[in-house]
Amino acid sequence: MQWQQFWDKQAEAADVQQQVGRITRDGRAVAAEVIAEHIGQLLNLQATDHLLDVCCGNGALTNLLASQVAFCSGVDLSPKQIALARKNYPDIDWHIASARHLQLLSSSYDKINLYFSFQYFTSDAEALAVLRAVKAVLKPGGRVLLGDVPDAQRWWVYYESWSARLRWLWHRFLGRDDMGRFWRQADLARLAQKAGFRIVFLAEPPHLPFAWYRYDVLLEHT
């Protein structure tokens, strides 16, 4: 899947949540305020923190997080998503860059958010490069949230019917698997150790819309 082109196309949607793919299976938009509160609690955001939102999309969620901290930057691979963010939230520090190339940023951060997006780093090598890039701009003792990670143990729950599984196989063959990778916790733990992080896995609270097949991950700079 060519993710930049995919998210550039999503940015053309009229609905803010559709632009970033946060729509439930039954077509409901996800309340960004609920997600922002959840992220703030897990990252223990403080009024003095410098926060980086990686894969920030159109900036709507980033803007809510920015209200909880002293300084906030957002970075995304999609120029069209960042154009929306700059237009709607001009007071935030926006950057166009891959999550693997965060050295383009001149700042270092107390907390880093990477929500609803780790699934798009589908190989071990790519995911490890992202984790190392994140750590390079994280202050010692800082915290990272990999939020809303699809659970490989619940793949069969998400693709509950044989028709859905056949569709997945066909889309995968065509290179159009827009769900990316369902991650095994053991694989994430191994990569986090290689990158120099302590890792904690957390079940999502049931009020979150994707808790039925996703989990959260907290990383701490060692």
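Here is a short tour of a predicted model, from its sheet to its two largest pockets.

**The sheet.** Start by colouring the strands. You will find an open sheet of seven, in the order β3-β2-β1-β4-β5-β7-β6, and the pairing is mixed. Now pick out β3 (93–96) and β6 (197–203): each has a single partner strand, so these two form the edges, with one side lacking a neighbour in the sheet. Turn the view to follow the twist, which averages 15° from one strand to the next.

**A strand pair.** Next, select residues 50–54 and 71–76. These are β1 and β2, which run parallel and are joined by five bridges. Show side chains for V54, and you will see V75 of β2 opposite.

**Helices on the sheet.** Add residues 32–43, helix α3. This helix lies across β1, β4 (109–115), β5 (138–150), β6 and β7 (214–221), and runs at about 135° to β4. Then add α6 (residues 124–136), which packs on the sheet and touches β4, β5, β6 and β7, making about 145° with the direction of β5.

**The largest pocket.** Select R25, Y158, D178, M179 and Y213, which lie nearest the centre among 30 lining residues. The space here is about 700 Å³. Helix α8 gives the most to this lining, with four residues. The lining divides into 14 nonpolar, seven polar and nine charged residues.

**The second largest pocket.** Finish with W3, W7, C55, L77 and Y120, nearest the centre of a pocket lined by 26 residues. About 460 Å³ of space lies here. This time α1 gives the most, with four residues, and the lining has 13 nonpolar, nine polar and four charged residues.

Key
Residues numbered from 1 in each chain as written. Predicted model: local features only at pLDDT ≥ 70, side-chain atom pairs only at ≥ 80, totals over all residues. Heavy atoms only, no water. Pairing = 2+ DSSP bridges. Axes fitted to C-alpha atoms, helices over the stretch in contact; angles between N-to-C directions. Contact = heavy atoms within 4.5 Å. 1 Å grid on protein atoms, 1.4 Å probe; cavity = no way out; pocket = protein on both sides within 12 Å on 5 of 7 lines; lining within 4 Å. Points joined across faces, edges and corners; volume = space filled by probe spheres on them. Nonpolar A, V, L, I, M, F, W, Y, C, P; charged D, E, K, R; others polar.
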